[in-house]
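Student: Please take one part of this model and go through it closely. Explain each term when it first comes up, and then say how the part sits in the rest of the chain.

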Amino acid sequence: KELDEIEMDIAKSVNFAGEALKALGTPDDTTKALENAESFVSLIQSVENRLSDQISYLSVVATAQWHGDCVYSDEKRLDVMQRRTELVEKRLQAVGDVLDRKETEKGEKEEKMDVN
């Protein structure tokens, strides 16, 4: 949608440029030529900024996606999965440690109650 709007603005800017050149050909329309030239410059700057945003966005999206026919993507996918597996293992170990501590504390409390 954004690219369609940018395309429409490019067409408008070409129109403004044409109108400015046409107005420059007649001595009476210098203010009209100036207005069209200002509109052209403003619109071109807007298009440039929005296209830069789109290119940046597409660069991020393109590098974050898997490329199906590429060996690199398979290697990268394997690497990511290994890292995720390691993270899950660490988290499970931490949960196990917490459960072991709770069980130990529970056993110690029961022993104290039995002694009393």
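Tutor: What follows starts with the whole chain, stays with one helix for most of the way, and ends with the charges elsewhere.

The model is predicted, so local features need pLDDT of at least 70 and side-chain atom pairs count only at pLDDT 80 or more, while totals for chains, interfaces and linings use all residues. Residues are numbered from 1 along each chain as its sequence is written, and side-chain values use heavy atoms, with hydrogens and water left out.

The chain has three helices and zero strands. Helices (H or I, at least four residues) and strands (E, at least two) are DSSP runs, numbered from the N terminus. Along the sequence the pattern reads α-α-α. Of the 116 residues, 10% are buried. Here buried means under 20% relative accessible area, exposed means over 50%, and partly exposed lies in between (1.4 Å probe, protein chains only).

The helix to look at is H1, residues 2-24. Take Ser13, which is found in this helix. Is Ser13 buried or exposed? With a relative accessible area of 1%, Ser13 counts as buried. Leaving aside residues up to four places away in sequence, Ser13 touches Phe40, Leu43 and Ile44. Touching is a matter of contact, meaning heavy atoms within 4.5 Å. Phe40 comes up again with Gly18, another residue of helix H1. Gly18 and Phe40 are 22 residues apart in sequence, and their C-alpha atoms are 9.4 Å apart in space. Gly18 is partly exposed, at 33% relative accessible area.

Next come the charges of helix H1. Side chains of opposite charge can pair when their charged atoms come close. Such a pair counts as a salt bridge if a side-chain nitrogen of Lys or Arg is within 4 Å of a carboxyl oxygen of Asp or Glu. The structure holds four salt bridges. One of them joins Glu2 to Arg50, with the closest N and O atoms 2.9 Å apart. This pair links distant parts of the chain, 48 residues apart: Glu2 is in helix H1 and Arg50 in helix H2 (residues 30-64). Glu2 is partly exposed at 28% relative accessible area, and Arg50 is buried at 18%.

A second pair stays inside the helix. Lys12 and Asp9 meet through their side chains in a salt bridge of 3.9 Å, N to O. Both lie in helix H1, three residues apart, which is about one turn of the helix. Lys12 is partly exposed at 46% relative accessibility, whereas Asp9 is buried at 11%. Glu2, Asp9, Lys12 and Arg50 are linked in a network of salt bridges.

Helix H1 also has a part in a nonpolar patch. Leu3, Ile10, Val14, Leu51 and Ile55 make this surface patch of about 430 Å². The elements giving two or more residues to the patch are H1 and H2, and H1 gives the largest share, three residues. Leu51 lies in helix H2 and is partly exposed, with a relative accessible area of 31%. Patches are made of residues with over 30% relative accessible area and no salt bridge; like charges are joined within 9 Å, and nonpolar side chains (Val, Leu, Ile, Met, Phe, Trp, Tyr) within 5 Å. Accessible areas come from the Shrake-Rupley method with a 1.4 Å probe, and for residues only the protein chains shown count as cover.

For the setting, turn to helix H3 (residues 71-115). Arg83 and Asp79 form a salt bridge there, 3.1 Å from N to O, and are four residues apart, about one turn of the helix. Arg83 is exposed at 56% relative accessibility, and Asp79 is partly exposed at 25%. Arg101, Lys102, Lys109 and Lys112 gather in a surface patch of positive charge. Glu105, Glu108, Glu110, Glu111 and Asp114 gather in a negative one. Lys and Arg count as positive and Asp and Glu as negative, without His and the chain ends. Each charge is placed at NZ of Lys, CZ of Arg, CG of Asp or CD of Glu. Lys102 lies in helix H3 and is exposed at 56% relative accessibility. Glu110, also in helix H3, is partly exposed at 42%.
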